[in-house]
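Colleague: I've got the sequence and the fold open side by side, and I'd like a close look at one part. Could you walk me through the acidic residue you'd start from, and then work outward from there?

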Amino acid sequence: MRVTILDDYFDTLRHLPCFGKLDGHDVTIWNDHVQATGPLAERLADTEALVLFRERTRIQADLLERLPKLRLISQRSVYPHVDVDACTANGILLCSNMHSDTPSYAAAELSFGLILAAMRQIPQQMAALRAGRWQIGVGSTLRGKTLGIYSYGRIGAEVANYGRAFGLRVLVWGGDASRQRARDDGFDSAASREEFFATCDVVSLHIRLKPETRGIVTAADLASMKPDALIVNTSRAGLIETGALEAALAAGRPGMAAVDVYDEEPITDGKHPLLEMPNVVCTPHIGFVTKDEFEIQFSDIFDQIAAYAAGKPINMINPEVWQTQSG
């Protein structure tokens with residue numbers, strides 16, 4: 001099959017062990033990012049199987065209608081960037097391993113890394129040192145403080161364990177099932193949403209973005225946080241009410257933020273309100289960006305291509321397409 005991989009920025013995949021699963025296929029890899037429909041359609045004109053790098057490129061109807069040779073889209077995890085109805089209408093099978101039982105250790109590690117970086121002002125201190133200044137402020141120790149996990153899923157649970165190892169009290173908020181899992185693992189759950197945001201010294205978001213969770217963290221939630229508290233978001237920007245985080249930081253509650261995700265990605269001009277704030281640590285959506293995590297993710301993605309080529313597709317999101325293709 002003619003396979004195209006998009007958005008492999010650092011040409012990492014061809015050097016991973018799992019890349020051998022594509023042996024025998026005609027593979028093209030693009031290392032830059034293109035979203036405009038016309039240029040993207042030209043790149044994908046002969047593609048039969050398309051590999052997506054998480055949510056870096058939106059795949060919508062106007063593009064799919066221009067790709068008559070495309071038969072398969074293979075990716076991993078959630079797919080809000082893919083128009084599934086348009087895939088079905090154009091006879092394109094979408095396969096995605098949802099890995100609901102597999103923690104993303106890379107994302108959990110980054111979340112805790114951002115907590116340490118923000119609380120100890122590591123990026124700001126480093127920038128000051130490079131500018132010829134010696135110590136620019138006083139950070140905070142984590143031990144003894146309260147780490148809030150919202151909510152306790154496969155990533156949130158790992159961050160909670162890291163917090164326990166650092167001597168933090170862990171307090172969980174989320175749905176009933178989420179809080180019960182936390183209690184089963186020996187962590188406390190907050191009695192109310194209000195208590196959660198008002199009590200925690202650090203709040204780390206680990207919620208899947210869906211229509212019902214968009215804007216789930218409100219301006220009122222942020223305003224109730226301590227003036228020296230930190231909020232961390234490595235999940236999705238849309239979880240926080242639009243504009244609420246910038247306004248809250250400017251108002252001083254919470255006092256700090258650390259973010260890895262943004263409403264519009266990638267940010268390539270350096271212009272975003274959070275980048276202008278000295279009390280914010282920002283990273284460019286690197287929660288999943290490690291060689292180890294890529295090996296896990298793309299092993300699944302390439303398995304899906306191999307299974308499709310063998311006539312036995314797996315992890316089908318719109319299986320009715322396969323019924324038509326194989327009929």
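Modeller: Sure, let's start at Asp221, keeping in mind that this is a predicted model. Asp221 counts as buried, because its relative accessible area is 8%, and the cut-off for buried is under 20%. Its partner is Arg193: the two form a salt bridge, with the closest N and O atoms 2.7 Å apart. That pair links distant parts of the chain, since Arg193 sits in helix H8 (residues 193-199) and Asp221 in helix H9 (residues 219-223), 28 residues apart.

Stay in helix H9 for a moment and look at Leu222, which is found there too. Leu222 has 0% relative accessibility, so it counts as buried. Leaving out residues up to four places away in sequence, Leu222 touches Val217, Ile231, Ile240, Ala244, Leu245, Ala248, Arg253 and Pro254. Take Pro254 from that list: Leu222 and Pro254 are 32 residues apart in sequence, yet 6.3 Å apart in space, C-alpha to C-alpha.

Now on to another charged pair. Asp201 and Lys226 form a salt bridge, their closest N and O atoms being 2.9 Å apart. This one links distant parts of the chain as well: Asp201 is in the loop between H8 and strand S9 (202-205), and Lys226 is in the loop between H9 and strand S10 (230-233), 25 residues apart. What about exposure? Asp201 is buried, with a relative accessible area of 12%, whereas Lys226 is partly exposed at 26%.

Asp201 also leads you to the nonpolar interior, by way of Leu230. Setting aside neighbours within four places in sequence, Leu230 is in contact with Asp201, and also with Ile115, Ala118, Met119, Val202, Val203, Met225, Met256, Ala257 and Ala258. The largest nonpolar core has 28 residues, and Leu230 is among the four that touch the most other members, together with Phe112, Ile115 and Leu147. Two or more residues of this core come from each of helix H4 (105-119), strand S6 (146-150), helix H6 (154-165), strand S7 (169-173), S10 and strand S11 (256-259). H4 gives the largest share, eight residues. Apart from this core lies another one, of 27 residues, and its members include Trp173, Phe197, Cys200 and Ala248. You've met Ala248 already, as one of the residues that Leu222 touches.

For the wider picture, the two salt bridges above belong to a set: a search of the whole structure finds 12. Another from that search joins the side chains of Lys69 and Asp46, at 2.8 Å from N to O. Lys69 lies in the loop between helix H2 (61-64) and strand S4 (72-76), and Asp46 in the loop between helix H1 (37-43) and strand S3 (49-51), so this pair ties together parts that are 23 residues apart in sequence. Lys69 is partly exposed, with a relative accessible area of 39%, and Asp46 is partly exposed too, at 42%.

One more acidic residue is worth a stop: Asp300, in helix H11 (residues 291-309). A polar contact of 2.7 Å joins the side chains of Asp300 and Arg76. Not counting residues up to four places away in sequence, Asp300 touches Arg76 and Asn97.

Last, the empty space. The whole-structure search finds one cavity of 30 Å³ or more. About 30 Å³ of space lies in the largest cavity, and its lining is made up of Asp8, Tyr9, Phe10, Thr12, Phe53, Arg56, Val289 and Phe294.

Key:
Residues are numbered from 1 along each chain as its sequence is written. This is a predicted model: local features need pLDDT of at least 70, side-chain atom pairs count only at pLDDT 80 or more; totals for chains, interfaces and linings use all residues. Side-chain values use heavy atoms; hydrogens and water are left out. A salt bridge is a side-chain nitrogen of Lys or Arg within 4 Å of a carboxyl oxygen of Asp or Glu. Helices (H or I, at least four residues) and strands (E, at least two) are DSSP runs, numbered from the N terminus. Buried means under 20% relative accessible area, exposed over 50%, partly exposed in between (1.4 Å probe, protein chains only). A polar contact is a pair of N or O atoms within 3.5 Å; within protein, one must be able to donate a hydrogen and the other to accept it, and residues adjacent in sequence count only if both atoms are side-chain atoms. Contact means heavy atoms within 4.5 Å. A nonpolar core is a set of buried Ala, Val, Leu, Ile, Met, Phe, Trp, Tyr and Cys residues joined through side-chain atoms within 4.5 Å. On a 1 Å grid over the protein atoms alone, a cavity is a set of points where a 1.4 Å probe fits but cannot get out, and a pocket is an open set with protein on both sides within 12 Å along at least five of seven lines; lining residues have an atom within 4 Å of a point. Grid points are joined across faces, edges and corners, and a volume is the space filled by probe spheres set on the points.
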